[in-house]
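Biologist: Could we go through this structure together? I would like to begin with the side chains and then turn to the sheet.

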Amino acid sequence: MNENAQTVPDPVSGSGPSHAEDVRWMQRALELARQSIGLTSPNPRVGCVLVKDGQSVGEGFHFYDHRDHAEIVALKVAGEAARGATAYVTLEPCAHTGRTGPCADALIAAGVARVVVATADPNPQVNGQGIARIRKAGIPVENNVCVDEARALNEGFARSIVSGVPFVTLKAGVSLDGRIAPAPNVRPAGPPAPVMLTGEESRAEVQRMRHASDAILTGIHTVLADDPMLTDRSGLARRKPLLRVVLDSGLRLPLDSKLVRTAENDVLVFCTVPNHERRKALEAMGVEVEVLAGGGVRLDLPAVLQALARRGVLSLLLECGGQLNSAFLREELVDKAVLFYAPVLLGEKAVPLVAQNSDLRWNALHTSVQRFGADVCVMMSLRDPWQPVEAPKTVRELH
């Protein structure tokens, strides 16, 4: 993470290092932006602080259902005190009209004396225009303050807006020998149930990851083996339910599974060979079924991501078995891997994280390690979501 932004020059103005005071207030703006997690999708998470004479005179964050962007929330709080203040905002103020008017114009009209921005807008049709408009009005702008933290907060938005697909995170609890579950013949007797390798601290972090995601995806084999619920049990507020997605080409999802029994129009099944009677029964229980073109045994994973993007999914969490993990990795569809290593060994016959003989390589751009109780979490960034990896799709007007 870029904690102080001293080494990041402003690519527009070429200005020098940021002042420590700018970093301190931008950290507060980032704190506000984090409060919007679960409340903004499909828009970005943005926080804003207005500072005058060393004091905050207005602050706020974006909440999609309330429409106002973070800058507008802060300006309304500040009122006349905004005149002559410095505005700290975690994402470049918009310069276009969408659901609201341009925030760049609102800051100019309010008479702010200076604007400090964490990162430019990833939208190639918007990037730099808000900053340019504010500078044209004679207001100085400092850019790229705490840029890495700001970008990490909006990985899903950036990936979606730049490349047209959700940001995909592969999450797994793993033994020290690279296994995610015991061999089927050594599992406890009784009905299917998820295997708990990791401790309470790791499981709490997983719930926070689910809360920060728009959708969670698994395969039918995991459902049949574990009967998971795949809900957000963080206890934190969210604007819309976590979409629970199952890849089930033959539509074998049991009607008595926990996913089906708890469905409230928040379970989506992708299949290729629809069983009309089963589909009718699932839909009667609140499960949506979508048939992807092409047929055959295997689902087209890029088509799955595109279908989720059409539904406004910016961030997708994978909680899958080894075969699906391998398939997503092989097709280079994973943006980040988060592996919680538990201090246990399961043996070579246990279920592997990726399919045997898959010959996959983890080419990480950045790796970090964190402790959760007795577990060690390894986080690997496999792609920069702010950089396009294919020709950009049609850019959506989200906010």
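Biologist: Which side chain meets Arg-28 in a salt bridge of 2.5 Å, N to O?

Modeller: The partner is Glu-59, whose side chain forms that salt bridge with Arg-28. Please keep in mind that this is a predicted model. The pair links distant parts of the chain, since Arg-28 belongs to helix 1 and Glu-59 to strand 2 (residues 55-61), 31 residues apart.

Biologist: Is Glu-59 buried, exposed or partly exposed?

Modeller: Glu-59 counts as partly exposed because its relative accessibility is 25%. Arg-28 is also partly exposed, with a relative accessible area of 24%.

Biologist: And which side chain meets Arg-28 at 3.1 Å?

Modeller: That is Glu-31, which forms a salt bridge with Arg-28. Both residues lie in helix 1 (residues 20-34), and because they are three residues apart, about one helical turn separates them. There is a general reason behind this: an α-helix has 3.6 residues a turn, so residues three or four places apart point the same way. Glu-31 is partly exposed, with a relative accessible area of 42%.

Biologist: How many salt bridges are there by this rule?

Modeller: The count comes to 18 salt bridges. Another of them joins Glu-319 and Lys-171, with the closest N and O atoms 3.6 Å apart. This pair links distant parts of the chain as well: Glu-319 sits in the loop between strand 12 and helix 12, Lys-171 sits in strand 6, and their positions lie 148 residues apart in sequence.

Biologist: Are Glu-319 and Lys-171 buried or exposed?

Modeller: Glu-319 counts as buried, at 11% relative accessibility. Lys-171 counts as buried too, at 12%. As for the earlier residues, Arg-28, Glu-31 and Glu-59 are joined into one network by salt bridges that share partners.

Biologist: Back to helix 1. How far does it reach from its first C-alpha to its last?

Modeller: Helix 1 has 15 residues and reaches 21 Å, which is close to the 21 Å expected at 1.5 Å a residue.

Biologist: Which of its residues are buried, and what covers them?

Modeller: The buried residues of helix 1 are Asp-22, Val-23, Trp-25, Met-26, Ala-29, Leu-30, Leu-32 and Ala-33. Their cover includes strand 1 (47-52), strand 2, strand 3 (86-89), strand 4 (114-117), strand 5 (141-142) and helix 5 (147-153).

Biologist: Now the sheet, please. In what order do the nine strands stand?

Modeller: They form an open sheet in the order 11-10-9-8-12-6-13-16-15, with mixed pairing. Strand 11 (287-291) and strand 15 each have a single partner strand and stand at the edges, so one side of each is left without a neighbour in the sheet. On average, neighbouring strands of this sheet are turned by 20° against each other, direction ignored.

Biologist: Do strands 15 and 16 run parallel or antiparallel?

Modeller: Strand 15 (residues 366-372) and strand 16 (residues 375-381) run antiparallel and are joined by seven bridges. One bridge partner to note is Met-380 in strand 16, which is paired with Thr-367. The two strands form a hairpin with two residues between them, and Gly-373 in the turn has a positive phi of about 60°.

Biologist: What about the edge with strand 11: in which sense does strand 10 pair with it?

Modeller: Strand 10 (residues 267-271) and strand 11 pair in the parallel sense, over five bridges. Cys-271 stands opposite Val-291 in strand 11.

Biologist: Which strands does helix 12 lie across?

Modeller: Helix 12 (residues 322-330) lies across strand 6 (167-174), strand 8 (215-219), strand 9 (243-247) and strand 12 (315-318), and it runs at about 115° to strand 8.

Biologist: A change of topic. Where does Ile-72 lie, and what is it in contact with?

Modeller: Ile-72 lies in helix 2 (residues 70-78). Apart from its neighbours within four places in sequence, Ile-72 is in contact with Cys-103 and Ala-106. Ile-72 counts as buried, at 17% relative accessibility.

Biologist: Finally, what is the mean pLDDT of the protein?

Modeller: The mean pLDDT is 89, and 89% of the residues reach 70 or more. Over residues 1-17 the pLDDT is below 50, and this stretch has 34 contacts in the model beyond near neighbours in sequence. Over residues 391-399 the pLDDT is also below 50, with 29 such contacts. Where pLDDT is low, the predicted coordinates should not be read in detail.

Notes
Residues numbered from 1 in each chain as written. Predicted model: local features only at pLDDT ≥ 70, side-chain atom pairs only at ≥ 80, totals over all residues. Heavy atoms only, no water. Pairing = 2+ DSSP bridges. Helix = DSSP H or I, 4+ residues; strand = E, 2+ residues; numbered from the N terminus. Axes fitted to C-alpha atoms, helices over the stretch in contact; angles between N-to-C directions. Contact = heavy atoms within 4.5 Å. Salt bridge = Lys/Arg side-chain N within 4 Å of Asp/Glu carboxyl O. Buried < 20%, exposed > 50% of the residue type's maximum accessible area, 1.4 Å probe, protein only. Expected span 1.5 Å × (residues − 1). pLDDT = per-residue confidence, 0-100.
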